[in-house]
Amino acid sequence: MMENKFELIANALGELDEEQFMEELNALIKADPTEDTANEAVKACAKGMEIVGNYFEEEEYFVGDLIFAADILTNGFDLLAPYLATDGGDKIGKIVLGSAPGDLHDIGKNIFMKMAEAAGFEVFDLGVDVAPEKFVEKVKEVNADIVGISGLLTLSLDTMGDVINALKEAGIRDNVKVMIGGNPVTEAVMLRVGADAYSTNASTGVKQCKEWVM
Ligand code: B12
């Protein structure tokens with residue numbers, strides 16, 4: 001069967017073929033320079049990173065390959081960014097986002113960020129290994145609607161709770177919805193740390209965020 005354009009993009013990223021990945025993305029967005037297509041391309045990138053993750057688990061790829069994959073992905077996002085931007089349109093809500101304290105993984109967080117921006121959210125990205133008080137500070141500063149915490153480490157399943165406790169101590173927990181995301185999060189973790197929702201998939205995460213603000 002013929003691979004479709006989005007599969008070609010996902011596979012090129014999975015195989016770390018930067019040249020083909022950028023060529024396919026370029027051709028796609030030139031042929032159809034719409035937000036919908038850019039959004040689908042972001043999803044294809046997420047799929048490509050899953051392929052990379054699988055190779056890593058099979059010990060086919062090593063840490064250097066992961067870092068290279070993240071670089072390729074960043075170049076791809078830079079190319080798509082102008083088409084994802086919803087400038088001019090009113091923003092539908094504010095999300096304060098960061099990786100959990102102690103967690104340096106940010107590929108999935110960044111995918112969620114791009115998809116949330118594409119959906120019309122204003123996202124304040126605090127980066128990786130974000131201290132609870134940094135979350136609190138930013139939520140107050142921008143009067144956020146939603147807090148997104150990304151975590152890939154088992155350790156993060158506890159430190160996400162530290163962030164939520166800090167929001168409680170600051171007296172602002174009830175002003176925001178809290179979504180935890182990342183491969184290891186589950187409903188049980190959500191209940192334990194006191195989040196409002198969890199997501200292991202950026203697009204369902206964005207859908208939930210939209211439901212909260214609409
Ligand atoms: C890439 C990677 C790295 C890269 C990170 C690069 C970067 N800039 O992020 C590097 C090489 C730096 C790295 C380092 C480490 N890693 Co690492 N890494 C991975 C790997 C292979 C893939 C993760 C990834 O990016 N997946 C792809 C993305 C797209 O998926 P995702 O993050 O789940 O995101 C999706 C959803 O979950 C969701 N999502 C994510 N965040 C959010 C947030 C919100 C709000 C929402 C709504 C949704 C959402 O949207 C995304 C798209 O759908 C995983 C293994 C795996 N297969 O998962 C190990 C893995 C996570 N790493 C692991 C480990 C142990 C480490 C190190 C400690 C290794 C070491 N010994 O040095 C360090 C950690 C340092 C630290 N303090 O954080 C372990 C964790 C084990 C554990 N139980 O804790 C894993 C599981 C590998 C393994 N099997 O051992 N790692």
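These notes cover the domains, their interface, the ligand site and the salt bridges of a predicted model.

1. Domain layout. The protein chain falls into two parts: domain 1 spans 5-84 and domain 2 spans 93-213. Taken over C-alpha atoms, their centres are 24 Å apart. Domain 1 puts 10 residues into the contact, and domain 2 puts in eight residues.

2. Character of the interface. About 800 Å² is buried between domain 1 and domain 2, and carbon and sulfur atoms give 81% of that area. How many salt bridges cross the interface of domain 1 and domain 2? The count there is zero. Polar contact gives a similarly short entry: zero residue pairs between domain 1 and domain 2, with both residues required to be at pLDDT 80 or more.

3. The domain 1 side. Two elements give two or more residues to the side of domain 1 that touches domain 2: helix H3 (35-57) and helix H4 (63-84). H3 provides the largest share, six residues. By residue class, this side of domain 1 has seven nonpolar, one polar and two charged residues.

4. Ligand surroundings. There are 30 residues around the ligand. Which of them come nearest? They are Leu 104, His 105, Asp 106, Ser 150 and Thr 154. By its numbering, each of these five falls inside the 93-213 bounds of domain 2.

5. Polar atoms at the ligand. His 105 places a polar side-chain atom 2.8 Å from a nitrogen atom of the ligand. Two further residues approach ligand oxygen through the backbone. In Gly 182, a backbone N or O atom is 3.5 Å from an oxygen atom of the ligand. In Asn 183, a polar backbone atom lies 3.3 Å from an oxygen atom of the ligand.

6. Salt bridges. Side chains of opposite charge can pair when their charged atoms come close. The whole structure contains five salt bridges, while the interface of domain 1 and domain 2 has zero. One pair to inspect is Glu 40 with Lys 43, which form a salt bridge with their closest N and O atoms 3.4 Å apart. Both residues lie in helix H3, three residues apart, or about one turn of the helix. H3 is also the element that gives six residues to the side of domain 1 that touches domain 2.

Key: Residues are numbered from 1 along each chain as its sequence is written. This is a predicted model: local features need pLDDT of at least 70, side-chain atom pairs count only at pLDDT 80 or more; totals for chains, interfaces and linings use all residues. Side-chain values use heavy atoms; hydrogens and water are left out. Domain bounds come from an automatic or database domain assignment. Contact means heavy atoms within 4.5 Å. Buried area is the accessible area (1.4 Å probe) that two parts lose on being put together, summed over both. A salt bridge is a side-chain nitrogen of Lys or Arg within 4 Å of a carboxyl oxygen of Asp or Glu. A polar contact is a pair of N or O atoms within 3.5 Å; within protein, one must be able to donate a hydrogen and the other to accept it, and residues adjacent in sequence count only if both atoms are side-chain atoms. Helices (H or I, at least four residues) and strands (E, at least two) are DSSP runs, numbered from the N terminus. Ala, Val, Leu, Ile, Met, Phe, Trp, Tyr, Cys and Pro count as nonpolar, Asp, Glu, Lys and Arg as charged, and the others, Gly among them, as polar. A residue is near a molecule or strand if one of its heavy atoms lies within 4 Å of it.
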